[in-house]
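Colleague: Please take a close look at the surroundings of the ligand, and explain the terms for a first-year student as you proceed.

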Amino acid sequence: MGLNDYLAGRRGPEPSRPEPDGPAPDAPAPAPRHVRPEPAERPADALSAVRRRVHRSLLEVLGPQLYADVGGDDDLRRRVTETVEDVLTWEETPLTAADRTRVVADVTDEILGHGPLEPLLRDPDVTEIMVNGPDLIFIERGGRLTEVDAHFHDDAHLRRVIDRIVSRVGRHVDEASPMVDARLPDGSRVNAVVGPIALDGSLLTIRKFAKDPYTVDDLISFGTITAPVAELLDACVRGRLDMVISGGTGSGKTTTLNVLSGFIPPGDRVVTIEDAAELQLRQRHVLRLESRPRNTEGRGEVTIRDLVRNALRMRPDRIVVGEVRDGAALDMLQAMNTGHDGSLTTVHANTPRDALARLETMVLMAGVDLPARAIREQIASAIDVIIQVSRMKDGVRRITHVSEVTGMEGDIVTLQDIFVFDYRAGMDETGRYRGTLVPTGLRPAFLEEIAKAGVTVPPGLFGHTAPW
Ligand SMILES: Nc1ncnc2c1ncn2[C@@H]1O[C@H](COP(=O)(O)OP(=O)(O)OP(=O)(O)O)[C@@H](O)[C@H]1O
Ligand SMILES: [Mg+2]
């Protein structure tokens, strides 16, 4: 194969292929998808050719109007439905009334909605949708990943769905800016990556959120947390401890943060700071801030760090930061050490000890020349409790550690586990862990501190009632 042919092939099919029913005889053969098995034979659907023809004609007739944000969705839906009906009158294939209705519904869904993703978006049990190019769609249901039997017609189809999603929130994705974050109207978080960065077709990841955010009772019923630990964490929040939720990607950090934020008393003035607004605090005295990426001219960026600094001038009682990933950690620690007790945040780490190491690294990213010991002292005096969350092998997201930061010994920050998940109980016949969070028997030193705020917990909570 010549270099030009190779390059043409690598670029994949043109976005507006002249004949979507099959490549023109003289078209270059599509490039083999690297390491991707051929998609399974698609079910022969007598209507699909009609659907594709109608779809194409509709794109020709309505063109850019489909993505222009004028007249609202109802107006657009009316125009699309009318045009589909119009186009169908020219269709040669005889259709029954039922087929006709189905084609209208399918094409309208595809044009106005999210094509094959629509049923997955509607299904409340699906928590994540992952599109690896037009032929491969995975979902997460009940904590487990599975492939679904659905696909896009081609990458151009997938791109149109992506364009629709991102243009609705005023963003844009193309070769020049091939990665984008966006939202669906229901708040679901969307990330899309297109060519040339994505090599085997556009990639789309949608994190869905429960319509009603999970409550502490939900987490207890899922087995994420036990009632006594929920009671302890409630006391920690009311007692104004500074807490960090640590966990891997998609382990449930933000969800846990949301639930813990729910324990903040209604009178407290809370500033929330996030990359993408996900927290849903019910209290009235909440000031929500969202960071902003730089625009296409490279200007206008507002970072989490800027927002944390600004928050300190807004007289907050507490600051809740969605996730710290960089030098913002330094400002967050300073806020915790200077009268904003009861602040909460999350970090990406796999164990409580790892969370401490991550925080140290992130403080260094602030570009302030602090010796390691000084950083650790800041961490040790700022943070009281680390909660570790994890999506475990059985697909269930659980809190695996509640650990107290007790101080420093020499150069090391000391940690003490108060509750840990009991793996020793093994798994049941369905492959689900039998264990639960069990107390280590250690009484946390922070009880004294929360008592100062007038908060107490039942003494039996920690396994052994203290003999004194
Ligand atoms: N305890 C839980 N039980 C069941 N599902 C949960 C639980 N916690 C979170 N989820 C679901 O798991 C998904 C990921 O949750 P969440 O966004 O809280 O994770 P995260 O750790 O913050 O992810 P990221 O690393 O992307 O920020 C969401 O769909 C959420 O609804
Ligand atoms: Mg999160």
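Modeller: Helices (H or I, at least four residues) and strands (E, at least two) are runs assigned by DSSP and numbered from the N terminus. The model is a predicted one: local features need pLDDT of at least 70, side-chain atom pairs count only at pLDDT 80 or more, and totals for chains, interfaces and linings use all residues. Residues are numbered from 1 along each chain as its sequence is written, while chains are lettered from A and ligands numbered from 1 in the order in which they are written.

Around ligand 1 there are 18 residues, of which the closest are Thr 127, Gly 252, Lys 253, Thr 254 and Thr 255; a residue is counted here if its C-beta atom, placed from the backbone, lies within 6 Å of the molecule. At least two residues of this shell come from each of β1 (126-132), α7 (216-222) and α9 (253-261). Helix α9 gives the largest share, three residues. By character, the shell holds four nonpolar, nine polar and five charged residues. In this division Ala, Val, Leu, Ile, Met, Phe, Trp, Tyr, Cys and Pro are nonpolar, Asp, Glu, Lys and Arg are charged, and the others, Gly among them, are polar.

Ligand 1 lies between domain 2 (115-210) and domain 3 (216-462), because both give residues to its shell. The domain bounds come from an automatic or database domain assignment.

Two of the contributing elements lead to the sheets. Strand β1 belongs to an open sheet of six strands in the order β3-β2-β1-β6-β5-β4, with antiparallel pairing; two strands pair if DSSP finds at least two bridges between them. Its edge strands, β3 (144-148) and β4 (179-183), each pair on one side only. The twist averages 20° from one strand to the next, where axes are lines fitted to C-alpha atoms, for helices over the stretch in contact, and angles run from 0 to 180 degrees between N-to-C directions.

Helix α9 lies across β7 (243-247), β10 (318-321), β11 (344-348) and β12 (385-391), and runs at about 170° to β11. Contact between two residues requires C-beta atoms, placed from the backbone, within 7 Å. These four strands appear in an open sheet of nine strands, ordered β9-β8-β10-β11-β7-β12-β13-β14-β15, with mixed pairing. The edges of this sheet are β9 and β15 (437-439), each of which pairs on one side only.
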